[in-house]
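Here is a short briefing to read beside the sequence and the 3D view. Bullets are grouped by topic.

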Amino acid sequence: MTSTFLGWRHLAATLALLSAFLSSASEARDLRLATTTSTDHSGLLRAILPPFERERGCRVQVVAVGTGKALKLAENGDVDVVLVHDRQAEQAFVAAGHGLDRRDVMYNDFVLVGPRSDPATVRGGRDVLHALRRIAAGQVRFVSRGDDSGTDRMERSYWEQLGISVRGAPWHVSAGLGMSEVLTMAGEMQAYTLADRATYATTRARTGLEIMVQGDRRLFNPYGVIAVNPKKHPDVNFADATALIDWLTSPAGRSAISAFRPGGEQLFFVTADR
Amino acid sequence: MGFVEATGAALRLLLSADPELWGIVGVSLSVTLRAMLIAMPLGVGVGYLLATVQFPGRRLLIVVTQGLLASPTVVVGLLLYLLLSRQGLFGQLHLLFTQTAMVIGQVLIALPVLIAFALSAIQGADPRARETAVALGASAPRIAWTLLVEVRFALMAAVCNAFGRVVSEIGCSLMVGGNIAGVTRNIPTAIALETSKGEFAQGIALGIVLLLVALAVNSAFAYFQGESRR
């Protein structure tokens, strides 16, 4: 029995030491931003956040996930602020009391892209629904995000408007991946997909996909920023969250967004009315 | 980009001492070393108790530990996420999306490996070592020490195994770390991200580093074994 007692005492001592070790290693509190892969992977945030961080003296930690998960993280109070693109969901999020101070920041647009061979002959159109109907009718392969992101929700709304059920259709590939991966996959499979222009532009050289349909009003893709409600989660970093929102919609933030032109092409446009 | 081309770009990245790349390597090493420092004494301690002390429920505990060897790391990550989220039991600690959360996850992943291997090592030890220690009137910690020294090579194998599992795991790190650049982005999550973006060179470069780290750790152990057997 002595052996057990001694063993436990040692174990307890070790545990105490280790917990001290653990707590000393925990990081200081920064601003947590949950956002979509499009803003992060395109390099936008890396280009525009440093001036804000310098000015404010805080570090922004970016968690890049789909819009659905970003809003879920915010609802749980696991992040302080979200930058997402699904206006309906954003408004519902604020209405439910999870967030405050929702503001339009910028927009880009979706494009329907596909292989050069264009097997469904949809190139050059301006009506995205018409093109999708042709793809479905021809049973041409279409890669879908399938990850409940803003892009995925947008695509689902098109199929709903068309009254086409894509569930289980062999030509409709539900990938469950981020935008860049889906574009890579569509390139490999010579399939069509719906992409935000920013991510498409950064991967175009690699995938060889071409724009088939653009300019439809339905392809408009506005981004909104929302602070997590401190009444729901008293310990969120509300001060820095509001500062970020103010900065993004300030002249300095707006010109930083407009000045982001990788390869000479502007990818995000600031919203005209504030 | 072809394989040869990507590998060439990867080697150039490594040699150019790209600070971002080495920062990622630093996160991986720091998190995994901390996790191993915590898990090693715990795992070996619990393994020793399971091997030497009889108590009700011991068999069940052993079976559960061995079952956990096959637990997917994403499941560990999911459970930990639910506990550490601000809605969760330990939400007030603000540990989600920190290195500490990754350390805890890796400890949980390493423990079953260490416990199961330590247990079987100690059970397989020459019983005469223990008997001699007891006959010489050694104290309980002294007996434990004698036994553990006796099976040190098997314990090293356990440590190598656990190290390999945690340094390369991605599911849990991604879920509780959040893959935040410069903070919780480690080698596996960075490889997944870079590959998803089609940046294969960065992915390969990090893969090479991961392999080298694993090789270095295993060679160090092999060296010590050789030294002490001489």
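H3(B) passes H5(B) in a left-handed crossing. The model is predicted. The notes below start with this helix pair, then turn to a leucine of chain B and to strands of chain A.

**Helix pair in chain B**
- Helix H3 of chain B covers residues 58-68, and helix H5 of chain B covers residues 99-123.
- Their axes come within 8 Å and cross at roughly 125°.
- An angle between 115 and 145 degrees is classed as oblique, so H3(B) and H5(B) are oblique to each other.
- H3(B) brings B:Arg58, B:Ile62, B:Thr65, B:Gln66 and B:Leu68 to the contact.
- H5(B) brings B:Pro112, B:Ile115, B:Ala116, B:Leu119 and B:Gln123.
- By class, the residues in this contact are six nonpolar, three polar and one charged.

**B:Leu82**
- B:Leu82 sits in helix H4 of chain B, residues 73-84.
- Setting aside neighbours within four places in sequence, B:Leu82 is in contact with B:Gly88 and B:Leu89.
- B:Glu199 is 117 residues from B:Leu82 along the chain, and their C-alpha atoms are separated by 32 Å.

**Strand S1 in chain A**
- Strand S1 of chain A, residues 31-35, is mostly covered. Five of its five residues are buried.
- In a regular strand, side chains alternate between the two faces of the sheet.
- In S1(A), A:Leu31, A:Leu33 and A:Thr35 point one way. A:Arg32 and A:Ala34 point the other way.
- Both sets are buried, the charged A:Arg32 included.

**Partners of S1(A)**
- S1(A) pairs with strand S2 of chain A, residues 60-64, in the parallel sense over five bridges.
- A:Val63 of S2(A) is the bridge partner of A:Ala34.
- S1(A) also runs parallel to strand S3 of chain A, residues 81-84, and three bridges join them.
- Here A:Leu33 stands opposite A:Val81 of S3(A).

**Strand S9 in chain A**
- Which strands pair with S9(A) in the antiparallel sense? S3(A) is one of them, joined to S9(A) by four bridges. Strand S4 of chain A, residues 99-114, is another, with eight bridges.
- In the pairing with S3(A), A:Leu83 stands opposite A:Val225 of S9(A).
- In the pairing with S4(A), A:Asn108 has A:Asn221 of S9(A) as its bridge partner.
- S9(A) spans residues 220-228 and is mostly covered: eight of its nine residues are buried.

Terms used: Residues numbered from 1 in each chain as written. Chains lettered and ligands numbered in written order. Predicted model: local features only at pLDDT ≥ 70, side-chain atom pairs only at ≥ 80, totals over all residues. Heavy atoms only, no water. Axes fitted to C-alpha atoms, helices over the stretch in contact; angles between N-to-C directions. Helix = DSSP H or I, 4+ residues; strand = E, 2+ residues; numbered from the N terminus. Parallel < 35°, antiparallel > 145°, perpendicular 65-115°, else oblique. Left-handed = near helix turned anticlockwise from the far one by under 90°. Contact = heavy atoms within 4.5 Å. Buried < 20%, exposed > 50% of the residue type's maximum accessible area, 1.4 Å probe, protein only. Pairing = 2+ DSSP bridges.
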